[in-house]
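This report goes through the fold, the cavities and one residue of the structure shown here.

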Amino acid sequence: MPKKFHMGWFMNFIPPDWDSEWASPDVKDWADGTFYVDMARSMERARFDLIMIEDTVMVADAYGGTMEGALKHSAFAPKQDPVPLAVLIAANTSRMGVVATMSTSFYPPYLLARACSTVDSIARGRFGWNIVSSAEDRAAQNFGLEGLPEHDERYNVAEEYFDVVNQLWDSWESDAVVMDRETHTYADHRKVRTIDFDGKYFKSRGPLNTVPSPQHRPAFLQAGASPRGRAFAAGAADAIIAVGTGIEGMKEYRDDIRARAEAAGRNPDEIKLLFVVSPTIAATEAEARAEVERVLNHPSYIEKSLVNISSNTEIDFKQFDLDEPLPEGLTTNGERGSLEYFMRGDGTPGPKTLRELVLHRAKRGLELVGTPEQVAKKMGEAMEEVGGDGFLISKPGWDLSRNYINAICDGLMPALQRLGYTRTEYTQSTLRETLREF
(Lines give C-alpha, C1' and ligand atoms only; values in the text may rest on other atoms or scores of the structure.)
Protein backbone atom coordinates (compact mmCIF):
# COMPACT_ATOMS: atom_id res chain seq x y z
CA MET A 1 0.00 0.00 0.00
CA PRO A 2 1.27 3.54 -0.73
CA LYS A 3 2.02 5.92 2.12
CA LYS A 4 -1.05 7.95 3.03
CA PHE A 5 -0.97 11.74 2.98
CA HIS A 6 -3.13 14.44 4.56
CA MET A 7 -5.71 16.64 2.84
CA GLY A 8 -6.87 20.08 3.92
CA TRP A 9 -8.48 23.13 2.36
CA PHE A 10 -7.02 26.66 2.40
CA MET A 11 -9.90 29.15 2.21
CA ASN A 12 -11.17 32.56 3.35
CA PHE A 13 -14.39 33.75 4.94
CA ILE A 14 -15.17 35.91 1.89
CA PRO A 15 -17.97 36.12 -0.69
CA PRO A 16 -18.20 32.87 -2.69
CA ASP A 17 -18.49 32.99 -6.47
CA TRP A 18 -21.32 35.41 -7.17
CA ASP A 19 -21.00 36.46 -10.84
CA SER A 20 -20.50 33.25 -12.82
CA GLU A 21 -22.81 30.55 -14.10
CA TRP A 22 -21.92 28.50 -10.99
CA ALA A 23 -22.98 31.14 -8.45
CA SER A 24 -25.19 29.72 -5.69
CA PRO A 25 -28.69 31.21 -5.28
CA ASP A 26 -28.05 31.94 -1.58
CA VAL A 27 -24.73 33.71 -2.14
CA LYS A 28 -26.08 37.06 -0.93
CA ASP A 29 -26.35 35.55 2.56
CA TRP A 30 -22.77 34.19 2.64
CA ALA A 31 -21.81 36.27 5.71
CA ASP A 32 -23.99 34.15 8.03
CA GLY A 33 -21.55 31.26 7.47
CA THR A 34 -24.08 28.77 6.07
CA PHE A 35 -22.25 28.36 2.76
CA TYR A 36 -19.04 27.43 4.59
CA VAL A 37 -20.77 25.14 7.06
CA ASP A 38 -22.18 23.27 4.05
CA MET A 39 -18.65 23.15 2.61
CA ALA A 40 -17.22 21.77 5.87
CA ARG A 41 -19.88 19.07 6.04
CA SER A 42 -19.03 18.00 2.49
CA MET A 43 -15.35 17.95 3.43
CA GLU A 44 -15.96 15.84 6.52
CA ARG A 45 -18.04 13.40 4.48
CA ALA A 46 -15.03 13.15 2.13
CA ARG A 47 -12.67 12.62 5.11
CA PHE A 48 -10.57 15.78 4.86
CA ASP A 49 -8.16 16.25 7.76
CA LEU A 50 -8.79 19.97 8.23
CA ILE A 51 -10.23 23.22 6.93
CA MET A 52 -7.93 26.25 7.30
CA ILE A 53 -9.46 29.76 7.39
CA GLU A 54 -6.98 32.46 6.32
CA ASP A 55 -7.32 36.10 7.39
CA THR A 56 -6.24 39.71 6.95
CA VAL A 57 -7.57 42.73 8.80
CA MET A 58 -7.68 45.63 6.34
CA VAL A 59 -9.19 46.92 3.12
CA ALA A 60 -6.24 46.94 0.74
CA ASP A 61 -5.35 49.99 -1.34
CA ALA A 62 -1.88 49.10 -2.60
CA TYR A 63 -3.10 48.54 -6.18
CA GLY A 64 -3.35 51.98 -7.76
CA GLY A 65 -3.35 53.67 -4.37
CA THR A 66 -7.09 53.16 -3.97
CA MET A 67 -9.49 50.67 -2.40
CA GLU A 68 -11.41 50.34 -5.68
CA GLY A 69 -9.65 47.19 -6.93
CA ALA A 70 -9.99 45.32 -3.64
CA LEU A 71 -13.67 46.11 -3.20
CA LYS A 72 -14.60 45.71 -6.88
CA HIS A 73 -13.12 42.22 -6.99
CA SER A 74 -13.84 41.28 -3.34
CA ALA A 75 -10.10 40.69 -2.99
CA PHE A 76 -9.07 40.97 0.69
CA ALA A 77 -12.37 42.71 1.47
CA PRO A 78 -14.99 42.03 2.57
CA LYS A 79 -13.54 39.35 4.81
CA GLN A 80 -15.25 38.16 7.99
CA ASP A 81 -13.46 37.15 11.21
CA PRO A 82 -12.39 33.48 11.02
CA VAL A 83 -12.77 32.61 14.72
CA PRO A 84 -16.59 32.73 14.96
CA LEU A 85 -16.77 30.74 11.72
CA ALA A 86 -14.39 28.16 13.19
CA VAL A 87 -16.73 27.79 16.18
CA LEU A 88 -19.75 27.45 13.87
CA ILE A 89 -18.02 24.81 11.75
CA ALA A 90 -16.83 22.92 14.84
CA ALA A 91 -20.39 22.87 16.18
CA ASN A 92 -21.67 21.44 12.89
CA THR A 93 -18.99 18.77 12.37
CA SER A 94 -17.63 16.06 14.63
CA ARG A 95 -14.26 14.76 13.38
CA MET A 96 -12.53 17.17 11.00
CA GLY A 97 -10.00 19.73 12.25
CA VAL A 98 -10.81 23.46 12.08
CA VAL A 99 -7.98 26.01 11.88
CA ALA A 100 -8.32 29.79 12.23
CA THR A 101 -5.74 32.47 11.46
CA MET A 102 -4.94 34.86 14.33
CA SER A 103 -2.19 37.46 14.11
CA THR A 104 0.63 37.87 16.63
CA SER A 105 0.81 41.50 15.48
CA PHE A 106 -2.54 42.55 16.92
CA TYR A 107 -4.02 40.01 19.34
CA PRO A 108 -2.83 40.52 22.92
CA PRO A 109 -1.23 37.19 23.92
CA TYR A 110 -3.59 36.59 26.84
CA LEU A 111 -6.65 37.20 24.67
CA LEU A 112 -5.43 34.79 21.98
CA ALA A 113 -4.43 32.08 24.45
CA ARG A 114 -7.82 32.31 26.15
CA ALA A 115 -9.76 32.29 22.86
CA CYS A 116 -7.82 29.32 21.48
CA SER A 117 -8.34 27.35 24.68
CA THR A 118 -12.07 28.08 24.59
CA VAL A 119 -12.51 27.17 20.92
CA ASP A 120 -10.47 23.98 21.33
CA SER A 121 -12.83 22.96 24.15
CA ILE A 122 -15.89 23.73 22.01
CA ALA A 123 -14.32 21.75 19.14
CA ARG A 124 -13.44 18.89 21.51
CA GLY A 125 -9.77 19.04 20.58
CA ARG A 126 -10.10 19.69 16.86
CA PHE A 127 -8.97 23.34 16.79
CA GLY A 128 -5.79 24.72 15.24
CA TRP A 129 -4.15 28.14 15.25
CA ASN A 130 -2.59 29.37 12.01
CA ILE A 131 0.23 31.56 13.35
CA VAL A 132 0.86 34.70 11.31
CA SER A 133 2.65 37.97 11.83
CA SER A 134 0.70 40.45 9.71
CA ALA A 135 2.48 41.87 6.68
CA GLU A 136 0.49 44.99 5.81
CA ASP A 137 1.02 48.51 7.15
CA ARG A 138 -2.63 49.27 6.38
CA ALA A 139 -3.57 46.55 8.89
CA ALA A 140 -1.27 48.08 11.51
CA GLN A 141 -2.92 51.47 11.03
CA ASN A 142 -6.28 49.95 11.96
CA PHE A 143 -4.82 49.23 15.40
CA GLY A 144 -3.35 52.67 16.03
CA LEU A 145 0.15 51.95 14.71
CA GLU A 146 1.99 53.84 11.97
CA GLY A 147 3.28 50.65 10.39
CA LEU A 148 4.71 47.23 11.04
CA PRO A 149 8.21 46.36 12.21
CA GLU A 150 10.79 45.16 9.71
CA HIS A 151 10.14 41.68 8.25
CA ASP A 152 12.64 39.67 10.32
CA GLU A 153 11.89 41.68 13.45
CA ARG A 154 8.25 40.58 13.16
CA TYR A 155 9.45 37.00 13.57
CA ASN A 156 11.45 37.99 16.66
CA VAL A 157 8.21 39.34 18.11
CA ALA A 158 6.32 36.21 17.03
CA GLU A 159 8.83 33.90 18.74
CA GLU A 160 8.45 35.69 22.08
CA TYR A 161 4.67 35.77 21.56
CA PHE A 162 4.69 32.01 21.00
CA ASP A 163 6.62 31.57 24.24
CA VAL A 164 4.12 33.68 26.22
CA VAL A 165 1.00 31.88 24.99
CA ASN A 166 2.53 28.45 25.56
CA GLN A 167 3.38 29.41 29.13
CA LEU A 168 -0.18 30.63 29.58
CA TRP A 169 -1.56 27.30 28.32
CA ASP A 170 0.78 25.58 30.77
CA SER A 171 -0.39 27.75 33.69
CA TRP A 172 -2.94 25.03 34.49
CA GLU A 173 -1.74 21.50 35.00
CA SER A 174 -3.77 18.96 33.09
CA ASP A 175 -5.23 17.51 36.30
CA ALA A 176 -5.92 20.82 38.05
CA VAL A 177 -9.68 20.30 37.91
CA VAL A 178 -10.45 17.81 40.70
CA MET A 179 -14.18 18.41 41.47
CA ASP A 180 -13.69 16.96 44.93
CA ARG A 181 -17.13 16.87 46.53
CA GLU A 182 -15.74 15.97 49.96
CA THR A 183 -13.67 19.17 50.19
CA HIS A 184 -15.99 21.17 47.91
CA THR A 185 -13.01 21.96 45.67
CA TYR A 186 -13.47 22.47 41.95
CA ALA A 187 -9.82 23.20 41.02
CA ASP A 188 -6.65 22.58 43.05
CA HIS A 189 -5.01 25.99 43.49
CA ARG A 190 -1.60 24.30 43.81
CA LYS A 191 -1.87 23.22 40.17
CA VAL A 192 -2.69 26.67 38.78
CA ARG A 193 0.11 29.22 38.77
CA THR A 194 1.10 32.64 37.50
CA ILE A 195 3.68 32.81 34.71
CA ASP A 196 5.05 36.30 35.53
CA PHE A 197 6.39 36.67 32.00
CA ASP A 198 8.51 39.79 31.44
CA GLY A 199 10.14 39.79 28.00
CA LYS A 200 11.40 42.29 25.46
CA TYR A 201 8.01 42.73 23.79
CA PHE A 202 5.40 41.25 26.12
CA LYS A 203 4.53 41.09 29.79
CA SER A 204 1.85 38.86 31.33
CA ARG A 205 1.12 37.76 34.86
CA GLY A 206 -1.20 34.83 34.12
CA PRO A 207 -2.63 32.33 34.77
CA LEU A 208 -5.35 31.79 32.18
CA ASN A 209 -8.82 31.68 33.64
CA THR A 210 -9.90 28.88 31.27
CA VAL A 211 -9.72 25.17 32.03
CA PRO A 212 -7.22 23.15 29.96
CA SER A 213 -8.68 22.20 26.59
CA PRO A 214 -8.57 18.66 25.18
CA GLN A 215 -5.31 19.36 23.31
CA HIS A 216 -4.07 21.64 26.14
CA ARG A 217 -2.92 23.93 23.34
CA PRO A 218 -4.24 24.12 19.75
CA ALA A 219 -2.51 22.42 16.87
CA PHE A 220 -0.08 24.91 15.28
CA LEU A 221 0.01 25.75 11.57
CA GLN A 222 2.39 28.26 10.03
CA ALA A 223 3.49 29.39 6.57
CA GLY A 224 7.22 30.06 6.47
CA ALA A 225 8.68 30.91 3.05
CA SER A 226 11.57 33.29 3.79
CA PRO A 227 14.65 31.96 5.64
CA ARG A 228 13.45 33.64 8.85
CA GLY A 229 9.96 32.27 8.35
CA ARG A 230 11.26 28.76 7.71
CA ALA A 231 13.27 28.85 10.92
CA PHE A 232 10.23 29.87 12.96
CA ALA A 233 7.96 27.28 11.33
CA ALA A 234 10.49 24.48 11.85
CA GLY A 235 10.64 25.31 15.55
CA ALA A 236 6.94 25.80 16.23
CA ALA A 237 4.55 24.22 13.73
CA ASP A 238 2.69 20.92 13.72
CA ALA A 239 1.95 21.55 10.04
CA ILE A 240 3.43 24.02 7.58
CA ILE A 241 1.57 25.67 4.71
CA ALA A 242 3.83 25.65 1.66
CA VAL A 243 3.46 26.51 -2.02
CA GLY A 244 3.47 23.64 -4.49
CA THR A 245 6.23 24.89 -6.81
CA GLY A 246 6.96 21.68 -8.69
CA ILE A 247 8.62 18.47 -7.54
CA GLU A 248 12.14 19.85 -7.12
CA GLY A 249 10.98 22.95 -5.27
CA MET A 250 8.71 20.93 -2.99
CA LYS A 251 11.50 18.48 -2.20
CA GLU A 252 14.01 21.25 -1.50
CA TYR A 253 11.57 22.96 0.85
CA ARG A 254 10.73 19.77 2.73
CA ASP A 255 14.39 18.77 3.10
CA ASP A 256 15.26 22.25 4.38
CA ILE A 257 12.42 22.32 6.94
CA ARG A 258 13.29 18.85 8.21
CA ALA A 259 16.95 19.80 8.62
CA ARG A 260 15.99 22.97 10.50
CA ALA A 261 13.60 21.01 12.74
CA GLU A 262 16.26 18.46 13.60
CA ALA A 263 18.74 21.25 14.38
CA ALA A 264 16.13 22.76 16.71
CA GLY A 265 15.84 19.46 18.58
CA ARG A 266 12.49 18.43 17.10
CA ASN A 267 11.45 15.18 15.48
CA PRO A 268 11.02 16.12 11.79
CA ASP A 269 8.33 13.46 11.38
CA GLU A 270 6.06 15.46 13.71
CA ILE A 271 5.98 18.38 11.24
CA LYS A 272 3.66 17.90 8.28
CA LEU A 273 4.26 19.91 5.11
CA LEU A 274 0.99 20.66 3.32
CA PHE A 275 1.48 22.05 -0.19
CA VAL A 276 -1.15 24.45 -1.55
CA VAL A 277 -2.43 23.26 -4.93
CA SER A 278 -5.33 24.22 -7.20
CA PRO A 279 -6.75 21.19 -9.01
CA THR A 280 -9.17 21.59 -11.89
CA ILE A 281 -11.42 18.53 -12.16
CA ALA A 282 -13.80 17.57 -14.97
CA ALA A 283 -15.24 14.48 -16.65
CA THR A 284 -12.51 14.64 -19.31
CA GLU A 285 -9.06 16.17 -19.48
CA ALA A 286 -10.16 18.35 -22.40
CA GLU A 287 -13.02 19.79 -20.35
CA ALA A 288 -10.68 20.46 -17.41
CA ARG A 289 -8.17 22.27 -19.63
CA ALA A 290 -10.96 24.30 -21.18
CA GLU A 291 -12.05 25.33 -17.67
CA VAL A 292 -8.51 26.53 -16.87
CA GLU A 293 -8.52 28.67 -20.01
CA ARG A 294 -11.92 30.11 -19.09
CA VAL A 295 -10.54 31.20 -15.73
CA LEU A 296 -7.40 32.73 -17.23
CA ASN A 297 -9.37 34.52 -19.96
CA HIS A 298 -11.96 35.97 -17.61
CA PRO A 299 -12.04 39.78 -18.01
CA SER A 300 -11.25 40.27 -14.32
CA TYR A 301 -8.57 37.62 -13.90
CA ILE A 302 -5.40 39.66 -14.48
CA GLU A 303 -6.53 42.70 -12.52
CA LYS A 304 -7.82 40.62 -9.63
CA SER A 305 -4.51 38.71 -9.53
CA LEU A 306 -2.58 41.96 -9.44
CA VAL A 307 -4.82 43.36 -6.69
CA ASN A 308 -4.02 40.29 -4.62
CA ILE A 309 -0.26 40.30 -5.14
CA SER A 310 -0.19 44.08 -4.57
CA SER A 311 -2.07 43.61 -1.29
CA ASN A 312 0.28 40.84 -0.11
CA THR A 313 3.45 42.73 -0.95
CA GLU A 314 2.25 46.37 -0.68
CA ILE A 315 3.82 47.00 -4.09
CA ASP A 316 1.59 48.84 -6.58
CA PHE A 317 1.70 46.60 -9.62
CA LYS A 318 -0.74 48.88 -11.46
CA GLN A 319 2.14 51.26 -12.12
CA PHE A 320 3.88 48.75 -14.40
CA ASP A 321 3.13 48.01 -18.05
CA LEU A 322 1.52 44.59 -18.42
CA ASP A 323 3.60 43.81 -21.49
CA GLU A 324 6.99 44.92 -20.19
CA PRO A 325 9.37 43.13 -17.79
CA LEU A 326 9.25 44.31 -14.20
CA PRO A 327 12.14 46.46 -12.98
CA GLU A 328 14.92 44.63 -11.18
CA GLY A 329 15.41 44.87 -7.45
CA LEU A 330 11.81 44.97 -6.26
CA THR A 331 11.74 44.47 -2.49
CA THR A 332 9.07 44.46 0.18
CA ASN A 333 8.57 44.61 3.92
CA GLY A 334 5.36 42.67 3.30
CA GLU A 335 5.14 39.01 2.32
CA ARG A 336 8.58 38.31 0.88
CA GLY A 337 7.75 34.71 0.08
CA SER A 338 4.76 35.83 -2.01
CA LEU A 339 6.91 38.30 -3.95
CA GLU A 340 9.65 35.74 -4.57
CA TYR A 341 7.11 33.17 -5.74
CA PHE A 342 5.46 35.67 -8.08
CA MET A 343 8.75 36.90 -9.57
CA ARG A 344 10.02 33.38 -10.20
CA GLY A 345 7.90 32.99 -13.33
CA ASP A 346 8.08 29.63 -15.05
CA GLY A 347 11.75 29.15 -14.19
CA THR A 348 12.99 29.56 -17.76
CA PRO A 349 15.83 32.01 -18.53
CA GLY A 350 15.12 35.57 -19.56
CA PRO A 351 12.89 38.37 -18.29
CA LYS A 352 9.14 37.91 -18.21
CA THR A 353 6.48 40.54 -18.74
CA LEU A 354 4.06 41.30 -15.94
CA ARG A 355 1.27 39.63 -17.95
CA GLU A 356 3.36 36.46 -18.32
CA LEU A 357 4.11 36.42 -14.59
CA VAL A 358 0.41 36.62 -13.75
CA LEU A 359 -0.49 33.80 -16.13
CA HIS A 360 2.48 31.64 -15.09
CA ARG A 361 1.47 32.16 -11.46
CA ALA A 362 -1.73 30.29 -12.25
CA LYS A 363 -0.14 27.56 -14.36
CA ARG A 364 3.24 26.80 -12.85
CA GLY A 365 4.09 24.44 -10.04
CA LEU A 366 2.29 21.15 -9.75
CA GLU A 367 -0.16 21.13 -12.66
CA LEU A 368 -3.28 19.23 -11.59
CA VAL A 369 -5.74 19.35 -14.48
CA GLY A 370 -7.83 16.42 -15.65
CA THR A 371 -10.24 13.75 -14.53
CA PRO A 372 -10.44 12.78 -10.84
CA GLU A 373 -8.37 9.66 -11.52
CA GLN A 374 -5.70 11.54 -13.50
CA VAL A 375 -5.30 14.24 -10.85
CA ALA A 376 -5.35 11.77 -7.95
CA LYS A 377 -2.64 9.68 -9.58
CA LYS A 378 -0.45 12.74 -10.17
CA MET A 379 -0.88 13.91 -6.57
CA GLY A 380 0.09 10.48 -5.29
CA GLU A 381 3.14 10.30 -7.54
CA ALA A 382 4.23 13.76 -6.37
CA MET A 383 4.00 12.78 -2.70
CA GLU A 384 5.88 9.54 -3.31
CA GLU A 385 8.68 11.45 -5.04
CA VAL A 386 8.82 14.35 -2.59
CA GLY A 387 8.39 12.16 0.47
CA GLY A 388 5.84 14.70 1.53
CA ASP A 389 2.91 14.89 3.87
CA GLY A 390 -0.08 16.24 2.00
CA PHE A 391 -1.92 19.05 0.25
CA LEU A 392 -4.16 22.03 0.88
CA ILE A 393 -6.77 22.72 -1.79
CA SER A 394 -7.16 26.32 -2.97
CA LYS A 395 -9.58 26.99 -5.81
CA PRO A 396 -8.13 28.43 -9.04
CA GLY A 397 -9.47 31.97 -9.31
CA TRP A 398 -10.16 32.11 -5.53
CA ASP A 399 -13.98 32.35 -5.48
CA LEU A 400 -15.57 29.13 -4.30
CA SER A 401 -18.71 27.56 -5.73
CA ARG A 402 -20.62 24.50 -4.61
CA ASN A 403 -19.84 23.04 -8.02
CA TYR A 404 -16.09 23.19 -7.29
CA ILE A 405 -16.53 21.89 -3.74
CA ASN A 406 -18.51 18.92 -5.07
CA ALA A 407 -15.90 18.22 -7.76
CA ILE A 408 -13.23 17.92 -5.07
CA CYS A 409 -15.25 16.19 -2.35
CA ASP A 410 -17.23 13.81 -4.56
CA GLY A 411 -14.75 13.42 -7.41
CA LEU A 412 -11.12 13.88 -6.40
CA MET A 413 -11.30 12.59 -2.82
CA PRO A 414 -12.94 9.23 -3.69
CA ALA A 415 -10.33 8.78 -6.44
CA LEU A 416 -7.53 9.40 -3.93
CA GLN A 417 -9.13 6.95 -1.50
CA ARG A 418 -9.47 4.25 -4.14
CA LEU A 419 -5.72 4.55 -4.80
CA GLY A 420 -5.00 4.24 -1.08
CA TYR A 421 -3.51 7.72 -0.72
CA THR A 422 -5.89 9.33 1.77
CA ARG A 423 -7.90 8.31 4.80
CA THR A 424 -11.23 6.55 4.51
CA GLU A 425 -12.11 7.00 8.18
CA TYR A 426 -11.21 9.13 11.18
CA THR A 427 -9.42 7.23 13.92
CA GLN A 428 -8.08 9.98 16.21
CA SER A 429 -9.91 12.39 18.49
CA THR A 430 -7.75 15.55 18.25
CA LEU A 431 -6.34 17.50 15.30
CA ARG A 432 -2.74 17.08 16.47
CA GLU A 433 -3.21 13.31 16.73
CA THR A 434 -4.82 13.27 13.29
CA LEU A 435 -1.84 15.08 11.79
CA ARG A 436 0.63 12.68 13.44
CA GLU A 437 -1.30 9.55 12.50
CA PHE A 438 0.79 9.11 9.34
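## Pocket, barrel and cavity

Helix α9 gives the largest share of the lining of the second largest pocket, 4 residues. The model is a predicted one. The volume of this second largest pocket is about 770 Å³. Its lining is made up of 30 residues, and D17, S20, E291, V295 and K395 are the ones nearest the centre. Two or more lining residues come from each of β12 (280–281), α9 (285–296), α10 (301–313) and α14 (402–418). Sorted by class, the lining of the second largest pocket holds 11 nonpolar, 9 polar and 10 charged residues.

The structure also holds 1 cavity of 30 Å³ or more. The volume of the largest cavity is about 40 Å³. Among the residues that line the largest cavity are S117, L168, W169, S171 and W172, and further along the chain L208, T210, V211, P212, S213 and H216. No charged residue is found in the lining of the largest cavity, which divides into 6 nonpolar and 5 polar residues.

| Space | Volume | Nonpolar residues | Polar residues | Charged residues |
|---|---|---|---|---|
| Second largest pocket | about 770 Å³ | 11 | 9 | 10 |
| Largest cavity | about 40 Å³ | 6 | 5 | none |

The strands are next. A closed barrel is formed by 8 strands with parallel pairing, in the order β1-β2-β3-β4-β9-β10-β11-β14. On average, neighbouring strands of this sheet are turned by 30° against each other, direction ignored. Within the barrel, strands β1 (residues 6–12) and β2 (residues 50–54) run parallel and are joined by 5 bridges. Opposite M11 stands I53 in β2. In general, strands of a sheet pair through backbone hydrogen bonds, either parallel or antiparallel.

Two helices lie across barrel strands. Helix α4 (residues 109–122) lies across β3 (97–103) and β4 (127–132), and runs at about 150° to β4. Helix α6 (residues 151–169) lies across β3, β4 and also β9 (219–222), with an angle of about 155° to β4.

One residue remains. T434 has its place in helix α15 (residues 431–435). Is T434 buried or exposed? T434 counts as buried because its relative accessibility is 4%, and buried means under 20%. Apart from neighbours within four places in sequence, T434 is in contact with H6, D49, R423 and Q428. Of these contacts, H6 belongs to strand β1, which covers residues 6–12.

Terms used. Residues are numbered from 1 along each chain as its sequence is written. This is a predicted model: local features need pLDDT of at least 70, side-chain atom pairs count only at pLDDT 80 or more; totals for chains, interfaces and linings use all residues. Side-chain values use heavy atoms; hydrogens and water are left out. On a 1 Å grid over the protein atoms alone, a cavity is a set of points where a 1.4 Å probe fits but cannot get out, and a pocket is an open set with protein on both sides within 12 Å along at least five of seven lines; lining residues have an atom within 4 Å of a point. Grid points are joined across faces, edges and corners, and a volume is the space filled by probe spheres set on the points. Ala, Val, Leu, Ile, Met, Phe, Trp, Tyr, Cys and Pro count as nonpolar, Asp, Glu, Lys and Arg as charged, and the others, Gly among them, as polar. Two strands pair if DSSP finds at least two bridges between them. Axes are lines fitted to C-alpha atoms, for helices over the stretch in contact, and angles run from 0 to 180 degrees between N-to-C directions. Contact means heavy atoms within 4.5 Å. Buried means under 20% relative accessible area, exposed over 50%, partly exposed in between (1.4 Å probe, protein chains only).
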